[in-house]
Amino acid sequence: MADSRTTYGGLDVFKLIAAFLVVAIHISPLTTYTPMGDFLLTRVLARVAVPFFFMVTGQFVLGPYLLGRSSFPPVAKALKKLLLLYAFAILLYLPIGLYAGHYQDLSPLSLFRLLVFDGTFYHLWYFPGCILGILVLCLLRKLLPRKGLPVAVLLLYAVALLGDSYYGFTAQLPGLAAAYDLGFQLYSYTRNGLFMAPLFLWMGAVLGQRPHPLPLRKYKIGLALALLAMAAEGLLLHHFQMQRHDSMYLMLPVVMGLLYPLLLSWNPKPSPLCRTLSTWIYVLHPAMLVVLRGGAKVTGCTDWVIGNSLVQYLGVCLLSLLAALAVAFLLYRLRPPAPASQARAWITLDRDALAHNVSTLQALLPKHTRLMPAVKANAYGHGGPQIARELNRLGIHAFCVACAGEGVQLRKAGVKGEILVLGYTHPSQVPLLRRYHLTQTVVDLSYAQELAHYGKPLHVHVAVDTGMHRLGEDVHHLDAICSIFSLKSLRIDGIFTHLSRADSRAPQDIAFTEAQADSFSRLRDALAERGIPCPPYHLLASAGMLHYPHLGGAFARPGLALYGITEAQETSPLSLRPVLSLRARVAAVKPLAQGESAGYGRAFVAPHPMRIAVLTIGYGDGLPRSLGLQGGWVLLHGHRAPILGQLCMDQTIVDVTHLPQTAPGDSAVLIGRDGEETLSVSTLAQQTGTIPNELLSRLSPRLERRIT
């Protein structure tokens, strides 16, 4: 798993640098001054740009799938975006291409070559290359064992090298040269999505998902040496005229393998603007070259603008940057307006707190144990899609939900990775499991047989009952569990149990929990004795992680702890931070005379003259209706304000007699911090005689949720 503290700001910044390196490749900025220096810059150093773009795509589109952490390739959204951008660029450069005569006498084969391999303009090959590379990798992932994938992509890259920088060797072997010449009828260069792209897409997927074992200093030294070696390689090949093209070198994958971890470790503030600008600089810079040359010709400045390669490069960079800024501004203006924020009542989610909790919980576990957060019940009221997408960003690609509907909601929100449905799914909904690539829990043998009757492969985890007596086949029913493993249409990806009293430190509860873990371990051993390879297992939820982290497993399923809350927070040894805060607006402030009542049922009668404030939140938003009768309060201006009477569906009345500064539009805190005061979920649960889980899961979907 990638370091949870990674923000990918380094990738954002380097995207912009890489875009300007691509411009340099097409302009050759140093030729006026030093042709050899220009060769080193544009034909060696700048060749890191396109592999870098491939690697970023590989990390964020294919990472979990290629590493086996997701059972399906979540590529539809990425392919759609690439196709739309490619289609736009084709239309943009069509007039220029027609004017330059690029599309004269096009045969069907030539058109196919342009659209699928070469690109319809010289820099547009990247888009079909990326699309084809993604499809090739997904196909290889299905056809080959996971360990065979790196071998396959390296072989494809070797084919690319022999048709590119090392073509001088290939040309000396008539049979091989003839095979390459035949290929060149289909594509102009081996620099394409079939041969070059798969390796770098795969490298990005691997390097982006795994921790980096070496100290950063060694990566820096290694990168410097690798760049020197690649420069020497490029100069030698150039000297002996070996290159048919010069996009790829033997040392290029080594350079990228050292550069990418350094960029991941560099964490400036993430910059969506850099991402947008880099894309549009890449797309628009040839058009800006045409504009610059046309402007220079009209103004009579051709000699010193176009005649000087560095001036020409800087001019194209400036025009491309301005054009990209204009596109970014236009896209921003065309974006549908977001719903009014913080207008009534809203939930704020602390991104840094979530990352801190992920890092803290991961550090608690054995190295081989990965987090599989519980995002059921709308991520305990925090917002399932928002939290799961943020966890994806933090490198987590396994989740568990309560029902298939919750899994479908996450998929529609673009969440990637394995999604385990912990609860029962009715047979009529089984097609949803396959359509949305969900993993189903097998609750017992009869249910497993029912799933098997569906007749199509289903990914499942087997639930084992070790003493909670909820879902799961009884741990002592070894024959039944073996029968589940014998059902051919079930792809068993995991086996798990649930510890029912892991939150208690009472001696009898500790003994019960240890007995559960021991019986689960004996079951796994018994399966192995019968020749059944035990799949990855998991048994720890939040309480188990806090008190029994040594039990490990392939996964741990944090729920409440992930969100910074424990049911016995005062005794928790961990510095978890609450992720959620809840606020509402003051709608009105008014006097309440002695003897007057407020709210339904006259549950509160003023004992003396008072000032009250009406808040725009109520039990329709998930708060307990009786909160005001049980000593509940909110925070206003850093002070406590008691809740009066019964909550209404959409409003809550509070006492602000002691807070004369309170006015309509002020915000009140119902969960969270205000000044020196804090109102925690645990406190709120205590006041109402329930548990934090219940309170959080009842928070209404109509509450806007925003990650900050």
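In this predicted model, the side chain of Glu 473 makes a polar contact with the side chain of His 477, at 2.8 Å. Glu 473 belongs to strand β7, which spans residues 473-474. With a relative accessible area of 10%, Glu 473 is buried.

The surroundings of Glu 473 bring together several parts of the sequence. Once neighbours within four places in sequence are set aside, Glu 473 is in contact with Val 443, Asp 444 and Leu 445, with Ala 463, Val 464 and Asp 465, and with Ala 480, Ile 481 and Ile 484. Ser 446 offers a further point of reference: 27 residues separate Ser 446 from Glu 473 in sequence, and the two C-alpha atoms lie 9.4 Å apart in space.

Attention then turns to the cysteines. A search of the whole structure returned 0 disulfides, and two residues help to show how this comes about. For Cys 138, the closest cysteine sulfur is that of Cys 130, and the 11 Å between the two sulfur atoms is too far for a bond; a disulfide would need the pair to be within 2.5 Å. Cys 138 is itself buried, at a relative accessible area of 9%.

Cys 400 gives a second example. The closest cysteine sulfur to that of Cys 400 belongs to Cys 403, and because the two sulfur atoms are 12 Å apart, they are too far from each other for a bond. Cys 400 is also buried, with a relative accessible area of 1%.

Methods: Residues are numbered from 1 along each chain as its sequence is written. This is a predicted model: local features need pLDDT of at least 70, side-chain atom pairs count only at pLDDT 80 or more; totals for chains, interfaces and linings use all residues. Side-chain values use heavy atoms; hydrogens and water are left out. Buried means under 20% relative accessible area, exposed over 50%, partly exposed in between (1.4 Å probe, protein chains only). Helices (H or I, at least four residues) and strands (E, at least two) are DSSP runs, numbered from the N terminus. Contact means heavy atoms within 4.5 Å. A polar contact is a pair of N or O atoms within 3.5 Å; within protein, one must be able to donate a hydrogen and the other to accept it, and residues adjacent in sequence count only if both atoms are side-chain atoms.
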